[in-house]
Amino acid sequence: MENPAGLIPAARWQKALFVLPAFLLTFFIVIFPTVFGILVSFTSWTRTGTTLDGPGSGFVLFRLGDMVRDISEAIRSTWNGIDNFRRMAGDDAFRTALKNNLIFAFIGVPLQYLVALGLALLLNQQIRARKFYRVVFLLPFMISPIAIGWMIGKAMFDARFGPFARIARELDITLAFYDTGFKAVSWLIVISAWYAIPFVMVMLLAGLQAMPGEIFEAAKIDGAGRWRTFVVMTFRLLLPVSLTAVILRIIFEFKLIDIIYVVTGGGPGDASQTLSLYIYKDGYLSGNIGYATALAEVFLIFVIVVISLLLVTVGRKIRSLY
Amino acid sequence: MHNPKWLQITTYALLAFWLVIALFPLYWMITLSFKNLVLITTGPFFFPWIDYSPVTLGWSDLFESGQRNRFLTAMRNSLICAIGSGLLSLVLGSMAGYGLSRFSYKVGIWRNRDISFFFLSQLILPPAAVILPLYILFVESGLYDTLFGLTLLYTVVGLPIVIWIMRDQFNSLPVELEQAALVDGHSALGAFLKIATPIAAPGMVAAFILVVIFSWNEYLFSAVLTSRTSYTLPQLVATQVSSQGVKFWTMAAVGTATVAPLLVIAIMLERYIVRGLTAGAVK
């Protein structure tokens, strides 16, 4: 719905008034720190070793000069050139984390899609109490991933007192859920899917319900079977919504951290760690801000490249939505 | 389309199966919060009052003993951040969404499309990519460990969603009423406030709820940018996981209390949540 003339005439300052507050806030809280991070990524800044004087007193604008001096002094005293990036090239934990990010996105999300598609098709049937199912199926998406991590990953999958482990012990089987990297990543994919499936389901269901009924009547009259109707018509008509949902999920799956942090802490070793978790653990918990910021900048470039490739290759249909 | 019998039976069987998958973890957590050490180590018990008698140990841990203050502080902080960021991003995002829907922008080579894309592209940014520079800047500027700083940050993260939903909402409303208001001598801001926002209420509710859900559940920003005073519920849950060990009942009570408000919201306002999630995706 682009209108080059503008539907409502307004002076320049009026138009600016509407968009500028949101833009400025985004700029100062997101864009500026990201650019500032490029500087930090060339330092050996540490949380405890590199101290800042902190804010003085008085109105914030009068302190800006002090802040700039404070921070630039810290950057100059910890500058170590490209050492961080050289170290990253030989860092196995970094490589594992990058690989896990790709696994969660490109194996986890298609699985979420398949289950969600099944559920959306079920809910699109003529069923009683559809509203009830829709609400209950949405619930997992409302829960904080941190709470999900504990609720499923810890309480239900507990190796001593969890319901599955105890029942298995009756059968003389000892269950361990996270003792190898492969098992840990697999269960994390399952837990993350439990959280994410409702989102994909809601999108697909909306897509299904927006389809005109007449074409299916026509297909029926033409004698097309259920399976053929689904493959030839439903699935194809659903493709734009499917791609939107999948790409949004991939974007969010790249941010995955909280579930892993609670369930495995990235272990065993670093085997189930993602880049977000690595950055959090190394930069914040261990305090290596300089190195972790270098990781973060590389991570950001990696995400932007992957998502752009996705949008260019499979997302042409989606771009019409912007 | 009318379904044959076998298909109907399969449909209901699969629906029932997924009901169990969706609800059992929640059910298990709630029953855990009414157990104690003996019940947990000798279980598994599934049905309160039938195979075990519930005890309120976890809940008294939460509300009576040492946990009480930490829990109430976290609950208050979460409420303030969630509602504060919800309202602030709703105001700023509605204005931006309205501007992008109704005016024609040209800033350098940037048109409406590019500005919309700028906001939407913020969704791609992983929090971990900015968290450490933000930490430095928050400490330096005094925003560290303040509810104001955290609320401001959640507002920015919520903005792209709000702008996306509201632009879509305003696009779907007729512009004639606002044009008439302009003829009557209202300013653009007046037309926005008096004419457009009241009929855009459904979109605003949807956008507000989605930001509240995000802020309520967010962990990483809260973990890094707050410490002693401004911690939120997910942070409390995360620290409990490591410190409580096998005290499942307390954990379960904290977890239940954390998720309960959003479950209630979801049950009451499902329509708006779905509307927000699917905004613009289906034409």
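This is a guided tour of a predicted two-chain model, stop by stop, with a selection to make at each one.

Residues are numbered from 1 along each chain as its sequence is written, while chains are lettered from A and ligands numbered from 1 in the order in which they are written. Because the model is predicted, local features need pLDDT of at least 70 and side-chain atom pairs count only at pLDDT 80 or more, whereas totals for chains, interfaces and linings use all residues.

**Confidence**

Colour chain B by pLDDT, the predictor's confidence in each residue, from 0 to 100; chain B averages 90, and 98% of the residues score at least 70. Among the elements of chain B, helix H2 (residues 37-42) has the lowest mean, 80, and helix H10 (residues 201-217) the highest, 96. For the complex, the predictor gives an ipTM of 0.93 and a pTM of 0.92.

**Chain A as a whole**

Select chain A and display it as a cartoon, which should show 14 helices and zero strands; helices (H or I, at least four residues) and strands (E, at least two) are DSSP runs, numbered from the N terminus. The C-alpha trace spans about 75 × 75 × 35 Å along its principal axes. Chain A has a radius of gyration of 25 Å, where a compact globule of 322 residues would have one near 20 Å; the radius is taken over C-alpha atoms, and the globule rule is 2.2 Å times the number of residues to the power 0.38. Of the 322 residues of chain A, 39% count as buried, a residue being buried if 20 or more other C-beta atoms lie within 10 Å of its own, exposed if 12 or fewer, and partly exposed in between, with C-beta atoms placed from the backbone.

**Helix H4 and two loops**

Select A:Gly108, found in helix H4 (residues 92-123) of chain A. A:Gly108 is buried because 23 other C-beta atoms lie within 10 Å. Leaving aside neighbours within four places in sequence, A:Gly108 is in contact with A:Ile189, A:Ser192, A:Ala193 and A:Glu253, contact meaning that the C-beta atoms of two residues, placed from the backbone, lie within 7 Å.

Move next to A:Ala129, in the loop between H4 and helix H5 (130-138) of chain A, where phi is near 55 degrees, a positive value in a residue other than glycine. A:Ala129 is exposed, with 11 other C-beta atoms within 10 Å. Then select A:Asp172, in the loop between helix H7 (163-170) and H8 of chain A; A:Asp172 has a positive phi of about 60 degrees although it is not a glycine, and is exposed, with 6 other C-beta atoms within 10 Å.

**The nonpolar core**

The largest nonpolar core, a set of buried Ala, Val, Leu, Ile, Met, Phe, Trp, Tyr and Cys residues joined through C-beta atoms within 7 Å, has 175 residues, and those with the most contacts inside it include A:Leu295 and B:Ala207. Helix H8 (residues 181-209) of chain A gives the most to this core, with 17 residues. Select A:Leu295 to reach H13(A), where the buried residues include A:Leu295, A:Phe299 and A:Val303. Select B:Ala207, whose contacts, not counting residues up to four places away in sequence, include B:Leu90, B:Ile161 and B:Gly276.

**Where the chains meet**

Finally, show both chains together: 94 residues of chain B are in contact with 94 residues of chain A. Helix H13 (residues 248-277) of chain B gives the most to the side of chain B that touches chain A, with 14 residues.
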